[in-house]
Number of protein chains: 2
Amino acid sequence: MKKIINNPNLIIDQMLQGLVKANPNKVELIEDSHVICRKDLPIKGKVGLISGGGSGHEPAHAGYVGDGMLDCAVCGDIFTSPTPDQILKAIKKADSGEGVFMVVKNYTGDVMNFEMAKDMAEMEGIDVDYIIVDDDVAVEDSSFTTGRRGIAGTIFVHKVLGAMAKNGKNLKDIKSMADKIVNNIKSMGMGIKACINPMSGNESFNLSDEEMEIGIGIHGEPGIRKEKIKSADEITKELIDTILRDYDNIDGDFVVMVNGMGQTTEMELFIVNNYLSDYLKEKNIKVLRTYVGNYMTSMDMAGFSISLFKVDDEILSLLDEDVDVVRS
Amino acid sequence: MKKIINNPNLIIDQMLQGLVKANPNKVELIEDSHVICRKDLPIKGKVGLISGGGSGHEPAHAGYVGDGMLDCAVCGDIFTSPTPDQILKAIKKADSGEGVFMVVKNYTGDVMNFEMAKDMAEMEGIDVDYIIVDDDVAVEDSSFTTGRRGIAGTIFVHKVLGAMAKNGKNLKDIKSMADKIVNNIKSMGMGIKACINPMSGNESFNLSDEEMEIGIGIHGEPGIRKEKIKSADEITKELIDTILRDYDNIDGDFVVMVNGMGQTTEMELFIVNNYLSDYLKEKNIKVLRTYVGNYMTSMDMAGFSISLFKVDDEILSLLDEDVDVVRS
């Protein structure tokens, strides 16, 4: 394994310390806990918004901590859920008396631990609500989930709810928006090369030199099938067709994200978008915003995902609001 | 070669088309030329600012086109200088009557072609001036340069001059600032894995499974030496020590960039910054801003560079000004 690291056991710690040192006026770490928080917490009158999960998906989620998005990101070990204790610390830190909303990706460990932390916080008198994001349309159940997995579309949830929380909306309004948008966000990914877990040195999965995996998860979990790698256009068509089939109807306005899994170059992501954009236009699907980049990676996996988000004017204006977060 | 592409000969074209389609309100391509331009050109009363070079360094340079940075980015083939004709088109597009300033990385082909374009533009009555950025302190001459190479520190030049141009400074003031800042920007990089050129399918260089190259260039050009890979902290110390030795004096304020070469994860970049930040503090070097991310890549090369930039209050406030560019 060739990685730019020191002691493998200190990777998460040194990463998060390095992140705080790059943004000393914006964020801090809760002592003895891998929780990245805004420095100005609690913010009077504002619902706290937190998220988290296993590390290895940078910039998710610590990169989205800051004004207009998350108050805290709870960071587990690589591809490992954070503990209920850690999540509870984040809840307490983010609460200003208005309650805390949690954005949870649908993985069995994450859901269990965030729910447990919610129970613990409620015993301490803090209102907590949450949403489970399950935007991945590739498979119905997976190695780590009952039901669909939560992947890159989660960042849309951070953005929309983050803007609402900033604007002073209450916990109930935020929950109601969350319920509405998760059904309108659909994603699907593919991989051509596994990532290497720098803590263990292991590859996350195996593919031959000619193979790709369609529908792969952000931890390298199996998707729909392995097959010989095709052209960018053919792959893109398959992903977007599967996503579109999952909508009851495709009238209305959409925003699109082409998300890199880590190793995939911007060059390739824009080539994907070149076809995707034309294809959606052909189908008379109105795309109002397009985001291309690394939003939720799988370390150095090569591959990409497409996320589609059906929006209305209110959601669009929340997506468009300025943020001031760690992500550079 | 496993890449998410279509026809290798269409890579640059499809990438740039995909970039424009993701930012349809912000940028456009000059017809039949790989030049990405702001859509609102020419901007009355503003000096035009252009840059460019070989492709394969995304987000550089097309990602920096937009309000507050570049007016046009001239994109060559992968690791290949753009032609004088292309550059001339960018100059003419960016000129509003106030002249055009060019930011050129120090590679023999780039310098020759940008200078030729300048001569052609001047024959058409357009004032053109330029700066050659040579921030790489690793080697004095290289396979593609006489003198030092221009690498990631170039982005600081785009930012500072972009803010000045936006604020209505004239060509002479911009040139004078450019002359001042290039001497204060110093960078050095390293690589642990070559990139693959998707047009040719070739690896840019060879390293054994245990080796790294210290002082590598952004096209995989040889640096100082190959040696067994060390810890992140040891590598970081060597790069920053070499950079610091190159300054006449290290009193004053600095900003820092930890730039990923493409495949290197944010996790690793923040681990680098963790040590770097402590080390600079120990040396009483005052770091006012830290930028960590992929600013100038070498496609999917693994490795990173560090750039240091000695700043004063004026420069810092130009760096801090808001921009609205393609880079997501």
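Copies are superposed by least squares on the C-alpha atoms of residues with pLDDT of at least 70 in both.

**Entry 1: ground rules.** I am working on a predicted model, in which local features need pLDDT of at least 70 and side-chain atom pairs count only at pLDDT 80 or more, while totals for chains, interfaces and linings use all residues. Residues are numbered from 1 along each chain as its sequence is written, chains are lettered from A in the order in which they are written, and side-chain values use heavy atoms, with hydrogens and water left out.

**Entry 2: the two chains.** I superposed chain A on chain B and found an RMSD of 0.0 Å after a turn of 180° and a shift of 0.0 Å along the axis. That is the relation of a two-fold axis. I then looked up which residue of chain A comes closest to the rotation axis, and A:Q263 does so, with its C-alpha at 2.3 Å. Of the interface residues of chain A, 100% are also interface residues in chain B, so the copies meet through the same surface.

**Entry 3: helix 8 of chain B.** I turned to helix 8 of chain B, residues 313-320 (helices are DSSP runs of H or I with at least four residues, strands runs of E with at least two, numbered from the N terminus), where B:I315, B:L316, B:L318 and B:L319 are buried (under 20% relative accessible area with a 1.4 Å probe, protein chains only). They cover an arc of only 160° around the axis, which puts them on the same side of the helix; the arc is taken from the directions from the helix axis to the C-beta atoms. These buried residues pack against several elements of chain B, including helix 4 (154-166), helix 5 (171-182) and strand 13 (302-311), where contact means heavy atoms within 4.5 Å. At the start of helix 8 of chain B, I noted that a side-chain oxygen of B:D312 reaches to within 3.2 Å of the backbone nitrogen of B:E314.

**Entry 4: strands 11 and 12 of chain B.** I found that strand 11 and strand 12 of chain B pair in the parallel sense over seven bridges (pairing requires at least two DSSP bridges), with B:K286 as the bridge partner of B:D253. Together with helix 7 (residues 266-282) of chain B, these strands make a right-handed β-α-β unit.

**Entry 5: strand 5 of chain A.** I looked last at strand 5 (residues 72-78) of chain A, in which six of seven residues are buried. Strand 2 (residues 35-38) of chain A pairs with strand 5 of chain A in the antiparallel sense over three bridges, whereas strand 3 (residues 48-55) of chain A pairs with strand 5 of chain A in the parallel sense over five bridges. A:V74 stands opposite A:V35, and A:V74 is also the bridge partner of A:G52.

How values were computed
Buried < 20%, exposed > 50% of the residue type's maximum accessible area, 1.4 Å probe, protein only. Polar contact = N/O pair within 3.5 Å; in protein donor to acceptor, adjacent residues only side chain to side chain. Right-handed = clockwise from strand over helix to strand, strands pointing away.
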